Amino acid sequence: MKKPSAAVSATLISGVILLNLAVIPMAMARSHQTNVNVMSRNIYIGGDIFRVYEAATNPEAGPLEVPLAVAQLYEIIAYTNFAERAEAIAAEIRKNRPHLIGLQEVSTILRQSPGDFLLGNPQPATEILYDYLSILLAALKKRHLNYEVAVTNTNADVELPMLTGFTPKGDPVLDDLRLIDHDVILVRKDVKYRNTLAQNYTTNVSIPMGDLSLEFTRGFTALDAHIKNGIYRFVNTHLEVAGGPDYAFSAVQAAQMHELLTLLAYEQKPVILVGDLNSDPYDGAFQSEIYGMIYPAYLQAILAGYLDIWTLQSNSAELTCCFNETVDDPYASLYERIDHILIHSIHGLKAEKNKVNATGDQVQDMTVNGLWPSDHAGLFGRIKFKLKR
């Protein structure tokens, strides 16, 4: 996801929680080795939602600035054709056949015509235009890949007016476009699981729009997966972007990661944390005049004892983000590593046996019509756990 550049109110969060980076020891009374194959995939809404954010926060914007930005976003989403991109993502899954898949940016896009946003939006849009999860599941089924939806979390649910044209008198015609964002865990049918959890973070970005306030809620999904002789806590999340005016969004991201790590600190099983953390390993802690010391999400995880499996192998770390907005440029280059597979376990990892690689980042991975599977690369990891008594 691209970073914002426009201003936002300093009241986005009510303070930043101090980080408790203590590591809680974990134990498992078993002794065995297990391969756990996992995947993390931001599947991409199909356009840069921050074009709408910038229109909404532009003090010089006219009354049609937001409806026009929404219309542009909708056109780009249609152009980037998730049904086509889902076929490429399904091919990645078929190639790697992970036990567990963490999906981010799983969108449901709905429309209402005519719109009622200017009337206070009494009726949410209900006409489904795109259901990304259903589209991806159909692509998997076509390839005889048996994955089921284990847990889904509903995050942001935002509805805005969209300019669709003008009357003969020159009055704007407006529909409403609604976006519902989800985090999803898919489980291969031969994997048993239990103790599912879907939860939203308590700290999120909120953007004022006139008398309304739009909250971009984020969250995570989790479950216990029983793979061979081991039980693992698998967690999937999509954190807030970094940056923002006065680093407000970075402060939100830090608070979200702190909340997640605090919840996981008492976990007795090995933890596999995957997702789009919007945080690069090169992001260091820094001081904000408004929010105090900010620890980026990746740094928090490392300080809390998590291992980045990319650092456990000899090859150089590949990048995961981001291709161009329309995902149609074969020469586009990824420029940061913000998608991760992180492990927390005292039972040991056989470093020479671990494998992690990017997926969907080569020109041959593009669709027949020349689209990248997503604006992100995916991640596939094969983790060799050595569980000790």
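**Figure 1. Confidence along the predicted chain, with the segment of residues 2–30 in view.** Over residues 2–30 the pLDDT stays under 50, and for this segment the model has 80 contacts beyond four places in sequence. Where pLDDT is low, the predicted coordinates should not be read in detail. The model as a whole is a predicted one, and its protein chain has a mean pLDDT of 88, with 87% of the residues reaching 70 or more. The protein chain comprises 6 helices and 17 strands, and buried residues make up 56% of its 389 residues. Among the contacts in the protein chain with a separation of 6 or more, 78% are accounted for by residues 24 or more positions apart.

**Figure 2. Helix α3, spanning residues 82–96.** The 15 residues of helix α3 reach 21 Å from the first C-alpha to the last, which is close to the 21 Å expected at 1.5 Å a residue. The buried residues of α3 are F82, E84, R85, A86, A88, I89, A90, E92, I93 and N96, a list in which charged side chains such as E84, R85 and E92 stand beside F82, I89 and I93. An α-helix has 3.6 residues a turn, so residues three or four places apart point the same way. Just after α3, R97 takes a positive phi of about 45 degrees.

**Figure 3. Two salt bridges that start from helix α3, E92 with R41 and E87 with K142.** Side chains of opposite charge can pair when their charged atoms come close. In the pair of E92 and R41, the closest N and O atoms are 2.9 Å apart; because E92 lies in helix α3 and R41 in strand β1 (residues 32–42), this salt bridge ties together parts that are 51 residues apart in sequence. Both partners count as buried, E92 with a relative accessible area of 7% and R41 with 1% relative accessibility. In the pair of E87 and K142, the closest N and O atoms are 3.0 Å apart, and since E87 belongs to helix α3 and K142 to helix α4 (residues 132–142), the pair ties together parts that are 55 residues apart in sequence. Here E87 is partly exposed at 23% relative accessibility, whereas K142 is exposed, with a relative accessible area of 53%.

**Figure 4. The salt bridge of R218 and E240, and a network that includes D224 and R233.** The side chains of R218 and E240 meet in a salt bridge at 3.1 Å, N to O. This pair links distant parts of the chain, with R218 in the loop between β8 (212–216) and β9 (219–227) and E240 in the loop between β10 (230–238) and α5 (248–264), 22 residues apart. Both R218 and E240 are buried. A network of salt bridges links D224, R233, E267 and K269, and the structure holds 13 salt bridges.

**Figure 5. An open sheet of 6 strands with mixed pairing.** The strands of this sheet follow the order β6-β9-β10-β11-β15-β14. Its edge strands are β6 (192–200) and β14 (307–308), each of which pairs on one side only. Strands of a sheet pair through backbone hydrogen bonds, either parallel or antiparallel. Between β6 and β9 the pairing is antiparallel and runs over 7 bridges, and within this view Y193 has A225, in β9, as its bridge partner.

**Figure 6. The surroundings of S107 in strand β2 (residues 100–112), with the aromatic pair of Y130 and Y132.** S107 is buried, with a relative accessible area of 1%, and, leaving aside residues up to four places away in sequence, S107 touches I45, Y130, D131, Y132, L179 and I180. Two of these contact residues, Y130 and Y132, form an edge-to-face aromatic pair, 6.5 Å centre to centre and with 75 degrees between the planes. Y130 counts as partly exposed at 23% relative accessibility, whereas Y132 is buried, with a relative accessible area of 1%. The structure holds 9 aromatic pairs, and F50, Y53 and F249 form one aromatic cluster.

How values were computed:
Residues are numbered from 1 along each chain as its sequence is written. Side-chain values use heavy atoms; hydrogens and water are left out. Helices (H or I, at least four residues) and strands (E, at least two) are DSSP runs, numbered from the N terminus. The expected span of a helix is 1.5 Å times one less than its number of residues. Buried means under 20% relative accessible area, exposed over 50%, partly exposed in between (1.4 Å probe, protein chains only). A salt bridge is a side-chain nitrogen of Lys or Arg within 4 Å of a carboxyl oxygen of Asp or Glu. pLDDT is the predictor's confidence in each residue, from 0 to 100. Contact means heavy atoms within 4.5 Å. Two strands pair if DSSP finds at least two bridges between them. Rings of Phe, Tyr and Trp (its six-membered ring) pair if their centres lie within 6.5 Å; planes under 30 degrees apart count as stacked, over 60 as edge-to-face and the rest as tilted.
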